[in-house]
Amino acid sequence: DHQPWHGSPLSQLLNHSPKSKKTEAARVIVGSSAMASFKDLSTAEGIKSLDEYLLTRSYISGFQASRDDLVVYSALSKAPDASSAPHAARWFSHIQALLGASFPGAGEGVTIAGQSQSSAAPAAAAAP
């Protein structure tokens with residue numbers, strides 16, 4: 001009889017005594033809240049790591065847009081290519097739409113000393 005959860009944290013919970021189940025459950029919950037980390041997002045390798053991360057996620061952390069999404073969005077110089085990074089492109093478009101709704105006014109442009117255009121928020125991305 002094949003059990004799809006065999007070898008998973010769930011199977012470990014099922015095979016422990018009631019007292020150790022609480023300890024294991026806490027370990028699983030704590031282990032799932034690790035901080036996300038990506039390679040340099042100005043490289044193809046960095047975009048690939050972001051795309052793989054977003055394969056099963058809608059946001060960088062949690063179940064709603066957060067500051068983590070804003071940090072990653074700001075690290076991108078342009079929208080990821082949808083043909084090579086579909087999950088990152090989907091996420092980028094979604095965050096861009098949320099930001100557009102939050103800041104409906106048209107900007108006139110701004111420069112910040114010490115930052116190149118690529119380290120600023122994506123300027124080429126127009127609000128929907």
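**Exercise 1. How are helices α4 and α5 arranged relative to each other, and which residues form their contact?**

Solution.
- Start with the answer: α4 and α5 are roughly perpendicular to each other. Keep in mind that this is a predicted model.
- Now check it. The axes of α4 (residues 67-75) and α5 (residues 86-102) cross at roughly 110°, and angles of 65 to 115 degrees count as roughly perpendicular. The two axes come within 11 Å.
- Next, list who touches whom. On the α4 side you'll find D69, L70, V72 and Y73, while α5 brings W91, F92, I95, Q96 and L99.
- Finally, sort these residues by type: seven are nonpolar, one is polar and one is charged.

**Exercise 2. Is L99 buried, partly exposed or exposed, and what does L99 contact?**

Solution.
- First, place the residue: L99 sits in helix α5.
- Look up its relative accessible area, which is 23%. Buried would need under 20% and exposed over 50%, so L99 counts as partly exposed.
- Then skip the neighbours within four places in sequence, and you're left with contacts to L70 and Y73.
- Take L70 as a closer look: L99 and L70 are 29 residues apart along the chain, yet their C-alpha atoms are separated by 9.0 Å.

**Exercise 3. What span does α5 reach, and which of its residues are buried?**

Solution.
- Count the residues of α5: there are 17.
- Compare the spans. From first C-alpha to last, α5 reaches 24 Å, close to the 24 Å expected at 1.5 Å a residue.
- Pick out the buried residues, which are A88, A89, W91, F92, I95, Q96 and G100.
- See what they lean on: the buried residues of α5 pack against α3 and α4.

**Exercise 4. How many helices and strands does the chain have, and where does pLDDT stay under 50?**

Solution.
- Count the elements: five helices and zero strands.
- Zoom out to the whole chain. Of its 128 residues, 20% are buried. Among contacts between residues at least 6 apart in sequence, 55% join residues at least 24 apart.
- Now for confidence: the mean pLDDT of the chain is 74, with 63% of residues at 70 or more.
- Compare the elements. Helix α2 (residues 18-31) has the lowest mean pLDDT, 35, and helix α3 (residues 44-53) has the highest, 96.
- Find the weak stretches. Over residues 1-32 pLDDT stays under 50, and the model has 11 contacts there beyond four places in sequence. Residues 123-128 are also below 50, with nine contacts beyond near neighbours in sequence.

Key
Residues numbered from 1 in each chain as written. Predicted model: local features only at pLDDT ≥ 70, side-chain atom pairs only at ≥ 80, totals over all residues. Heavy atoms only, no water. Axes fitted to C-alpha atoms, helices over the stretch in contact; angles between N-to-C directions. Helix = DSSP H or I, 4+ residues; strand = E, 2+ residues; numbered from the N terminus. Parallel < 35°, antiparallel > 145°, perpendicular 65-115°, else oblique. Contact = heavy atoms within 4.5 Å. Nonpolar A, V, L, I, M, F, W, Y, C, P; charged D, E, K, R; others polar. pLDDT = per-residue confidence, 0-100. Buried < 20%, exposed > 50% of the residue type's maximum accessible area, 1.4 Å probe, protein only. Expected span 1.5 Å × (residues − 1).
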